[in-house]
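Here are my notes on this model, set out as numbered points. Please read them with the structure open.

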Amino acid sequence: MLKQLAEKIDKVRQVAGNQLQDIFVRCKSLPLPEKSLLELIFVYPALEEAKAISAKTKESLEYTYLPWRNADYTYERLVPLIDSKTYKLPLLEGWIISSGGITESTLRASSTSLMQYLAQASTQKKGELIQVFTEIVQRNKKVDRVLVPLITTIGLMYQGNYLSDQELVKWVIPLFKELSGEIKSKNILKVISPNQL
């Protein structure tokens with residue numbers, strides 16, 4: 001569901017976010033990896049919002065759904081999960097489709113949050129992100145729906161000088177080797193996108 005929460009369709013994000021909130025709020029005894037991080041994103045803001053609404057309306061709410069449909073809100077909230085060993089891959093699979101996508105508001109929100117993360121990230125964290133991108137390419141051979149936005153996202157990262165550090169070469173070379181076999185295509189977007197690199 002994290003992948004769907006990071007994807008580009010507003011309604012899908014809202015449903016995925018609501019479902020994740022339901023799971024984390026109602027099933028507190030579930031043994032989840034990095035549970036405290038998930039609670040910071042999904043549980044505590046919902047409880048605080050419910051308290052504020054209850055105080056205004058005098059009705060008792062257990063919790064309220066957060067505005068997952070709002071791309072700016074969602075991607076900003078999901079940034080801490082980029083460093084998660086457990087949740088990074090599914091999250092970034094959805095995120096890439098959004099940040100390299102064509103819907104202007106979602107593209108802006110997802111790519112802005114990703115670039116803000118990169119601006120703060122250490123070389124090691126950037127390298128780990130590139131490793132995940134390499135894994136995404138390996139898992140999605142010939143899947144243009146994923147690869148074209150990934151190539152576009154990498155182009156944005158280069159344009160922002162987030163991948164210019166020489167220490168990143170050891171991670172970038174395997175990524176480009178994986179991508180080189182994918183660029184030979186009849187899909188014009190796959191041929192044009194590498195020019196951003």
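1. Glu93 is a good place to begin: with a relative accessible area of 7%, Glu93 is buried. The model is a predicted one, and that applies to every point below. The cut-off for calling a residue buried is under 20% relative accessible area, so Glu93, at 7%, falls in that class.

2. Which residue meets the side chain of Glu93 in a salt bridge? The partner is Arg139, with 3.4 Å from N to O. The pair links distant parts of the chain, since Arg139 lies in helix 8 and Glu93 in helix 6, 46 residues apart. Glu135 belongs here as well: salt bridges that share partners join Glu93, Glu135 and Arg139 into one network.

3. Asn140 is found in the loop between helix 8 (123–139) and helix 9. Its relative accessible area is 11%, so Asn140 is buried. A polar atom of the Asn140 side chain lies 2.8 Å from the backbone oxygen of Ile136. Leaving aside neighbours within four places in sequence, Asn140 is in contact with Glu93, Val146 and Leu147. Glu93 therefore appears both in the contacts of Asn140 and in the salt-bridge network with Arg139 and Glu135.

4. Ile136 deserves a point of its own. Leaving aside neighbours within four places in sequence, Ile136 is in contact with Leu89, Leu92, Glu93, Ile96, Val146 and Leu150. Glu93 and Val146 are listed for Ile136 and also for Asn140. The largest nonpolar core has 53 residues, and those that touch the most other members are Phe42, Leu81, Trp95, Phe133 and Ile136.

5. Lys88 lies in helix 6, which covers residues 88–99. Is Lys88 buried or exposed? Its relative accessibility is 7%, and Lys88 counts as buried. Leaving aside neighbours within four places in sequence, Lys88 is in contact with Leu81, Ile82, Asp83, Glu128 and Val132. Of these, Leu81 is also named among the core residues that touch the most other members.

6. Asp83, one of the contacts of Lys88, meets Lys125 in a salt bridge between side chains, at 4.0 Å from N to O. Lys125 is in helix 8 and Asp83 in the loop between helix 5 and helix 6, so the pair ties together parts that are 42 residues apart in sequence. Lys125 is partly exposed, with a relative accessible area of 27%, and Asp83 is partly exposed too, at 32%.

7. How many salt bridges does a search of the whole structure find? The search finds 8. One that has not come up yet is the bridge between the side chains of Arg13 and Asp10, at 2.6 Å from N to O. Arg13 and Asp10 are 3 residues apart in helix 2 (residues 10–26), so about one helical turn separates them. Arg13 has 0% relative accessibility and counts as buried, whereas Asp10 is partly exposed, with a relative accessible area of 30%.

8. Aromatic pairs come next, and a search of the whole structure finds 5 of them. The ring centres of Tyr75 and Trp95 are 5.3 Å apart and the planes are at 55°, so this pair is tilted. Tyr75 is in helix 5 (residues 71–78) and Trp95 in helix 6, and the pair links distant parts of the chain, 20 residues apart. Both Tyr75 and Trp95 are buried.

9. Tyr158 and Phe176 form another tilted aromatic pair, at 6.1 Å centre to centre and with 45° between the planes. Tyr158 lies in helix 9 (residues 144–159) and Phe176 in helix 10 (residues 169–183), so the pair ties together parts that are 18 residues apart in sequence. Tyr158 is partly exposed, with a relative accessible area of 23%, and Phe176 counts as partly exposed at 31%.

10. Two further ring features can be checked in the view. Ring pairs link Phe24, Phe42, Trp68 and Tyr73 into a cluster, and Phe42 is also one of the core residues that touch the most other members. Lys170 lies over the face of Trp171, at 4.7 Å from the ring centre.

Definitions and conventions: Residues numbered from 1 in each chain as written. Predicted model: local features only at pLDDT ≥ 70, side-chain atom pairs only at ≥ 80, totals over all residues. Heavy atoms only, no water. Helix = DSSP H or I, 4+ residues; strand = E, 2+ residues; numbered from the N terminus. Buried < 20%, exposed > 50% of the residue type's maximum accessible area, 1.4 Å probe, protein only. Contact = heavy atoms within 4.5 Å. Core = buried A, V, L, I, M, F, W, Y, C linked by side-chain atoms within 4.5 Å. Phe/Tyr/Trp six-rings, centres within 6.5 Å; stacked < 30°, edge-to-face > 60°. Lys NZ or Arg CZ within 6 Å of the ring centre and 35° of its normal. Polar contact = N/O pair within 3.5 Å; in protein donor to acceptor, adjacent residues only side chain to side chain.
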